[in-house]
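Reader: I've got a chain to look at and I'd like to practise reading its surface and its buried spots. Can you walk me through it?

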Amino acid sequence: MSKTSKLSRTSKLSKTRPGGESLPPTSSTPSTATTPAPDPASAPDPKRWWALAVIALAQLMVILDGTIVNIALPSAQDALGMSDAGRQWVITSYTLAFGGLLLLGGRIADIVGRKRTFVIGLAGFAAASALGGAATGPGMLFAARALQGAFAAVLAPSALSLLTTTFTEPKERARAFGVYGALAGGGSAVGLIVGGLLTEYLNWRWSLYVNVPIALAALLGAPAFLRDRSGRRGGHLDVPGALLACGGLVALVYGLSEAEPRGWTSPSVLTLLVTGGLLLAAFVWWQSRAANPMLPLHIVKDRVRAGSLATMALATIGMFGVFLFLTYYLQVVLGYPPVRTGLAFVPISAGIAVAAAQIAPRLLPRTGPRILMSSGMVLAAAGMVLLSRLTVQASYVPHVLPALLLLGLGMGLTFMPVYATATAGVPAQDTGVASAALNTVQQMGASLGTVLLNTIATGATSRYIHSHADDPAGGASLDEGMVHGFSVAYWCSAGVLLLAAVVAAVTVRPRTPQPAGSDAPARRAGT
């Protein structure tokens, strides 16, 4: 073969690579020029479905712990001698640490490496759970719950970002996020079931000990099945940003948690809320000027991502009051024991799992995320309206069950596309912090929703009982007042969920297909 023909063939080989991307002509010896080999880092991981199992175990553990202690709390209070005013800290210490440290945990994952922080988070969470289960007093339990929240703040964004970078093919990505969304949405209800079973048949301490074997199973699988790039070299933590964000979120959540017992006009509550707002405003200002921002503002400036985050926040605000109110309704008004109360939440868990893992992944390629999110929120709002019609004489199957099924299907249709859309098109070096932002709005929405809706329900109950005090028939019973307060809160939840449907419909637009973890931001279709 002549030298000219060799050069011609070399030129053809160097023009394109698979996918149509142009390549510059090679400067190497013509006779040795070949088609570039695929990038091993971008090849599908043959162990990716085992990796999903490991990530799912960790996610389930974190979500379970948000509610598993709820039903066990009365037993723990009696055993440790907690006061009525102090018992709330079993819940609040976890949510404060979790929500306040999530953004920092996401940035640590990007700098140190997601697999490494995933393992650290798992091990720390298991140790904190064992400490809480062995608690000999309220202070020890509160501290263990705070440690659980801190390690969950490291674990959760690492898990989501590992999922984002492991599954890049659109159909597989939809399936993986369907499983993740089912766990994220249904795990809270499963926590109530497991908490009831463990409390009634074993001991309240097992609601914490149960995390240890789950964490150990995930720790055994993590080294074998998880694959990740090394952390960012030369990366630095944004310490001022971390202090501003954590301080603002802690002040805000603490203020909201104190609003119910102290009142919204209490000087201490107002001071906390104002301080939290000012610190968060200062955090946003600092992120626009920091050399290594903890939350790069381009992540939340994207319209589709911002709409997905807002939809998640509103969905969790409207949803999480359901678990609190229905737990009291079933146990106090209808007289259900703990196990039966936990099992009563199975339909909502099943609905979320089926919708997120089976229905939504099949519909997403055809409908896009906007239609799924909006229709899911409308279905969930319809479920809330049905719950608002409950009375003290209601029965489970004809009155409660249909509402739970609608809520489960609606939330499942929403969670799956939210998780997939909010993390799509993020540069690879920022996937950890983007995942943390999503977990943060979910956690903050849950905390805000529980506090706001509980305050609304309590106030409505007090007004109802007071207004019927002079009734010749003997006035309203406490159960009637409680159910009335729940009804008012359910109507408010329905309004919040409908607002989420509007936000999703207005802000979420289709994107052009983009591999997860790509360094180039995804673009909207048509641009």
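Author: Start with the accessible surface: about 22300 Å² for the chain, with 65% of that belonging to carbon and sulfur atoms. Keep in mind that this is a predicted model.

Reader: How many helices and strands does the secondary structure come to?

Author: Count the elements along the chain and you get 18 helices and zero strands. As for burial, 51% of the 527 residues count as buried.

Reader: And what share of the contacts joins residues at least 24 apart?

Author: Take the contacts between residues at least 6 apart in sequence: 82% of them join residues at least 24 apart.

Reader: Back to the surface, then. Which residues make the nonpolar patch?

Author: Leu197, Tyr201, Leu202 and Trp206 make it, and the patch covers about 450 Å². Trp206 sits in helix 7, which runs over residues 206-209.

Reader: Why does Trp206 count as partly exposed?

Author: Partly exposed is the class between the buried cut-off of 20% and the exposed cut-off of 50%. Trp206 gets that label because its relative accessibility is 40%.

Reader: Now Ser388. Is that residue buried or exposed?

Author: Buried means under 20% relative accessible area. Ser388 has 7%, so Ser388 is buried. You'll find Ser388 in the loop between helix 15 (369-387) and helix 16 (396-422).

Reader: What does Ser388 touch?

Author: Leave out residues up to four places away in sequence, and Ser388 touches Ser487, Tyr490 and Trp491. With Trp491 there is also a polar contact, side chain to side chain, at 3.4 Å.

Definitions and conventions
Residues numbered from 1 in each chain as written. Predicted model: local features only at pLDDT ≥ 70, side-chain atom pairs only at ≥ 80, totals over all residues. Heavy atoms only, no water. Patch = residues over 30% accessible without salt bridge, like charges linked within 9 Å, V, L, I, M, F, W, Y side chains within 5 Å. Areas by Shrake-Rupley, 256 points an atom, 1.4 Å probe, with all protein chains shown as cover. Salt bridge = Lys/Arg side-chain N within 4 Å of Asp/Glu carboxyl O. Helix = DSSP H or I, 4+ residues; strand = E, 2+ residues; numbered from the N terminus. Buried < 20%, exposed > 50% of the residue type's maximum accessible area, 1.4 Å probe, protein only. Polar contact = N/O pair within 3.5 Å; in protein donor to acceptor, adjacent residues only side chain to side chain. Contact = heavy atoms within 4.5 Å.
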